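Please keep the sequence and the coordinates open side by side while reading. The walk below goes from helices to single contacts and then to the surface.

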Amino acid sequence: MNVLLMILLLAGGFVLLVKGADFFVDGACDLSDKMKIPAYIVGLTVVAFGTSLPEAAVSITASLQNSNEIAIGNVIGSNIFNTLVVLGASALFVPIAVRNNILKRDFPFCIGITAVMLLFLLFPINGEIALTRIEGIALLVIFAVFMTVSVIFAGKNRSFAAAPARIVPVWKCMLFILAGAAGVIVGGQLTVKGAKALAQMAGMEEKVIALTVVAIGTSLPELVTSVVAARKQRNDIAVGNVIGSNIFNILFILGISATIGKLTTDINVVIDTCALIAVITLTFFFAFFRKKINRGAGIAMILIYAAYTAYLLVR
């Protein structure tokens, strides 16, 4: 009976994820058209914020409970999953075109802030590898600057947005976004709960579950939202969601978590952060030379993630 209940939770969560993402993407696209804001800006901000709420809930709660490994590991694991699997899976449906603005500004910025996090970790405090409260505040300041620049850029580039194909009131766009976000978040939580319970029943250790089920589960909103966006031919939303979520996870979520209290960790997190920089850089080069991520690159990215997960389990 318990197994059946967990399977039902898993199935119900997945249905909520898919339908929620459908509403979420439609609302974000309509808002982009209505406000004459470039779709990738909406993806970088509104969509990224909504799909990153599960990571925020997990990491901030973990920080409050002094579970530092979960707070940091969840962000790094989710960003690796976002970069390799979310973009890779989206590219399986349709080649993902990447705008020059993202290639010239947002991709390098994402790599840069990950390198900043690595530098913070490489300078131990009293012999401990950690993110301190001061470093957390610094990440939040960078996040505030990023959001300010994004809003200013959106205002200056309104005229470049496509004319709306249909007239949708702003309140209706926001209703779709809020309802879709609620479905994505609740669906993600149900899916994680069901998967985690089934994994425990199968005898998997808690550490293995944290490295796989939790990190992947909190990234399910990004995955489903970007895949739905790709299928709707809204590449800007798909790419902006991934890059924006990665930026949000590091600057805002880790910033708040470290501000709450010092996040001590170990050398493995330094290794994982280096791996994160490597996969974002690799994805950047995939996109840079052809201005898109095609199906072949998508398959390669998913295989790299599978190999990295195998390494984590062995480690």
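The paragraphs that follow take up selected helices, their side-chain contacts and a surface patch.

This is a predicted model, in which local features need pLDDT of at least 70 and side-chain atom pairs count only at pLDDT 80 or more, whereas totals for chains, interfaces and linings use all residues. Residues are numbered from 1 along each chain as its sequence is written, and side-chain values use heavy atoms, with hydrogens and water left out.

A convenient place to begin is helix α11. Helices and strands here are DSSP runs numbered from the N terminus, a helix being H or I over at least four residues and a strand being E over at least two. Helix α11 covers residues 267–290, 24 residues in number, and reaches 36 Å from its first C-alpha to its last. That span is close to the 34 Å expected at 1.5 Å a residue, where the expected value is 1.5 Å times one less than the number of residues. At the N-terminal end, Asp-266 acts as a cap, with a side-chain oxygen placed 3.0 Å from the backbone nitrogen of Asn-268. After the helix comes Lys-291, whose phi is positive, near 60°, although Lys-291 is not a glycine. Lys-291 belongs to the loop between α11 and β4 (292–293), and Lys-291 is partly exposed because its relative accessible area is 37%.

Burial is judged throughout by relative accessible area, with buried meaning under 20%, exposed over 50% and partly exposed in between, for a 1.4 Å probe and protein chains only. On this scale, the buried residues of α11 include Val-269, Val-270, Asp-272, Thr-273, Ala-275 and Leu-276, and further along the helix Ile-280, Thr-283, Phe-284 and Ala-287 are also among them. Val-269 also links α11 to a part of the chain far off in sequence, since Gly-73 and Val-269 are 196 residues apart in sequence and 7.1 Å apart in space, C-alpha to C-alpha. Gly-73 lies in helix α4 and, at 31% relative accessibility, counts as partly exposed.

Helix α10 (residues 235–260) holds Asn-241, and Ser-245 is found in α10 as well. Asn-241 is buried, with a relative accessible area of 0%, and Ser-245, at 0% relative accessibility, likewise counts as buried. The side chain of Asn-241 makes a polar contact with the side chain of Ser-226 at 2.9 Å. A polar contact is a pair of N or O atoms within 3.5 Å; within protein, one must be able to donate a hydrogen and the other to accept it, and residues adjacent in sequence count only if both atoms are side-chain atoms. The backbone oxygen of Asn-241, for its part, lies 2.7 Å from a polar atom of the Ser-245 side chain. Ser-245 and Leu-53 are 192 residues apart in sequence, with their C-alpha atoms 9.5 Å apart in space.

Helix α6 (residues 133–156) offers two further pairings. Gly-136 lies in α6 and is buried, with a relative accessible area of 0%; Gly-136 and Leu-251 are 115 residues apart in sequence and 8.1 Å apart, C-alpha to C-alpha. Val-151 is also found in helix α6, but Val-151 counts as exposed at 58% relative accessibility, and its C-alpha is 9.0 Å from that of Thr-45, a residue 106 positions away in sequence.

Side chains of opposite charge can pair when their charged atoms come close. A salt bridge is taken here as a side-chain nitrogen of Lys or Arg within 4 Å of a carboxyl oxygen of Asp or Glu, and by this rule the count comes to 1. The side chains of Arg-105 and Asp-106 meet in a salt bridge at 3.1 Å, N to O. Arg-105 is partly exposed at 26% relative accessibility, whereas Asp-106 is buried at 1%.

The surface, finally, carries a nonpolar patch of about 370 Å², made by Leu-92, Phe-93, Ile-299 and Leu-303. The elements that give two or more residues to this patch are α4 (68–93) and α12 (295–314). Patches are made of residues with over 30% relative accessible area and no salt bridge, nonpolar side chains (Val, Leu, Ile, Met, Phe, Trp, Tyr) being joined within 5 Å and like charges within 9 Å. Ile-299, which lies in helix α12, counts as partly exposed at 43% relative accessibility.

Conventions. Accessible areas come from the Shrake-Rupley method with a 1.4 Å probe; for residues, only the protein chains shown count as cover.
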